[in-house]
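Please open the model in your viewer, show it as a cartoon, and keep the sequence panel at hand. The tour below moves from one selection to the next, with a short account of what is found at each stop.

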Amino acid sequence: MVTNPPPKLHVVVPEDERLQKVKEKFISKFGSPPLFYARAPGRVNLIGEHIDYCGYAVLPMAIEQDILAAVSPNPKQLIQLVNTNPAYLDFTIAASEIHIDKSKPLWQYYFLCGLKGVQEHFELPCPPGMNCVVDGTIPASSGLSSSSALVCCAGLATLEVCKMGLSKVELAEICARCERYIGTEGGGMDQSISFLAEKGKAKLIEFSPLRATDVQLPSGAVFVIANCCVEMNKAATSHFNIRVVECRLAAKLLSKARGLDWKKVMKLGEVQTVLGANLPEMLTAVEELLHPEPYNREEICQLLGITIEELGSSILSQNTQDVTSFRLYQRAKHVYGEAERVLRFKDICAEAPDEAVQLLGELMNQSHASCRDLYECSCRELDQLVDICLQSGAVGSRLTGAGWGGCTVSMVPREKMDSFLLNVREAFYRADASRAALERQSLFVTKPGGGAAILTEI
């Protein structure tokens, strides 16, 4: 008996306009209604950027925007994928011939990641055939986890077609691993919150082992998402994986300097655990043991006592082989500082002091400054949008997601929400014709949504 599996909910499809449209699309494509629907939500990370893959806790919440798939088994062992968005082309492949092209992060490959993850977990010789119509309401490449939600939706759908069971935690871990088939070396936050989310609650997500703790957000504020309208696909560029590698290198250099077995260390969080140090002590170690100037390959190899070839084969990832300069001091300083901010954010929510909203806002502002200056994962448009949000009444505003484009999340006192939305519309969106066209789906108030689920028609 599987404990705590994703829920299975009954729905009246004609009463839901979106489900009805997806059902009609499915019938028009495949000639019969779907057997079930799978949904997986996107997420907004409130604080804790780029630290999940370093082993540290993060604090996201699921959003109402999601990936929805109408699904039926395909008896001919074909995977037939249709997207309601005409920008994404239909795709068909034999279930026995699945191939994921890392060089082209097309939408169907994310779906195949989830399918392949479940197949490999159960050691199935061939994944099941299925017909799917996919509909998404998460803006693509916006930092709200549209790609991971698609992977999670596919994994859940595959599990249901196979008539097998897994817990939410097991599915989250499988989907986090299998997204690496497309080349993204993420840490598991996006998949974890997609499955473990609960309506009305943010979550502190911790790793090794994966676990989630409820975080009750203050009632006096709302969270507003604003898209800077610059797209960034993690799998299409090397920005994200360069940061992963820089953190890995920083962990190894810190370990070597402290006399640890650096070859076994892969994450900055592992260094802290082995040393038995606290986060302020780790920040001091960064100041003492790493230099602010960029490291080159030769210096790293000299410090670790390895060859350039060993660096490429054992530490660098596939799409970072040509990187020659690494900013290790800045990346490590961000990670340890951000990890400390996450824990402080959680404590303030639990203690609920009178000035909670202001204190949480200050932590969000510190987080954005660190992402901008130390991790260098912001961009001009994100920084401009953060400034406008703060000028419009937010107590805290920061980039959310991988960065280099995508969205900000702002904490806004409830009584200022209407004026905030009006001011941001005027100052950021309506001041630019291309942004004005995207305004409706780019600026919205959000609240914690529920996790992934299977939906069956009554």
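Begin by selecting Y37, whose bridge partner in β15 is L455. As you look, keep in mind that this is a predicted model. Next to that pair you can select A38, which has I454 as its bridge partner in β15. Both pairs belong to the pairing of strand β2 (residues 36–47) with strand β15 (residues 453–457), which is antiparallel and extends over 3 bridges.

Now colour the whole of β2 and turn to its pairing with β3, where 10 bridges join the two strands and the sense is again antiparallel. One place to look along this pairing is P41, which stands opposite D66 in β3. Is β2 mostly covered, or mostly open? Strand β2 is mostly covered, since 12 of its 12 residues are buried.

Widen the selection to the sheet around β2, an open sheet of 7 strands in the order β1-β15-β2-β3-β6-β4-β5, with mixed pairing. Its edge strands are β1 (8–11) and β5 (91–94), each of which pairs on one side only. From one strand to the next, the twist averages 25 degrees. As general background, the strands of a sheet pair through backbone hydrogen bonds, and they may do so in either a parallel or an antiparallel way.

Add helix α3 (residues 146–161), which packs on this sheet and touches β1, β2, β3 (59–73), β6 (130–136) and β15, with a direction that makes about 145 degrees with that of β2. Then add helix α11 (residues 328–351), which lies across β2 and β3 and runs at about 105 degrees to β2.

Stay with α11 and bring in its partner, helix α8 (residues 279–289), for the two helices pack at an angle of about 170 degrees with their axes 9 Å apart. Because angles over 145 degrees count as roughly antiparallel, α8 is roughly antiparallel to α11. To see the contact itself, show the side chains of L279, P280, M282, L283, V286 and E287 in α8, together with Y329, A332, K333, Y336, G337, A339, E340 and L343 in α11. What kinds of residue make up this contact of α8 with α11? They divide into 10 nonpolar, 1 polar and 3 charged.

The next selection is helix α5 (residues 189–196), which is mostly covered, with 8 of its 8 residues buried. The buried residues to pick out in α5 are M189, D190, Q191, S192, I193, S194, F195 and L196. If you then show what covers them, you will find elements including β2, β3, α3, α4 (168–178), β7 (202–206) and β8 (211–215).

For the last stop, select the open sheet formed by 4 strands in the order β12-β13-β9-β14, where the pairing is antiparallel. Its edge strands are β12 (396–400) and β14 (443–446), and each of them pairs on one side only. Neighbouring strands here are turned by 25 degrees against each other on average, if direction is ignored. Within this sheet, strand β9 (residues 221–227) and strand β13 (residues 407–413) run antiparallel and are joined by 7 bridges, and V222 has V412 as its bridge partner in β13. Finally, show helix α12 (residues 356–373), which packs on the sheet and touches β9, β12 and β13, while its direction makes about 40 degrees with that of β12.

Notes. Residues numbered from 1 in each chain as written. Predicted model: local features only at pLDDT ≥ 70, side-chain atom pairs only at ≥ 80, totals over all residues. Heavy atoms only, no water. Pairing = 2+ DSSP bridges. Axes fitted to C-alpha atoms, helices over the stretch in contact; angles between N-to-C directions. Contact = heavy atoms within 4.5 Å. Buried < 20%, exposed > 50% of the residue type's maximum accessible area, 1.4 Å probe, protein only. Parallel < 35°, antiparallel > 145°, perpendicular 65-115°, else oblique. Nonpolar A, V, L, I, M, F, W, Y, C, P; charged D, E, K, R; others polar.
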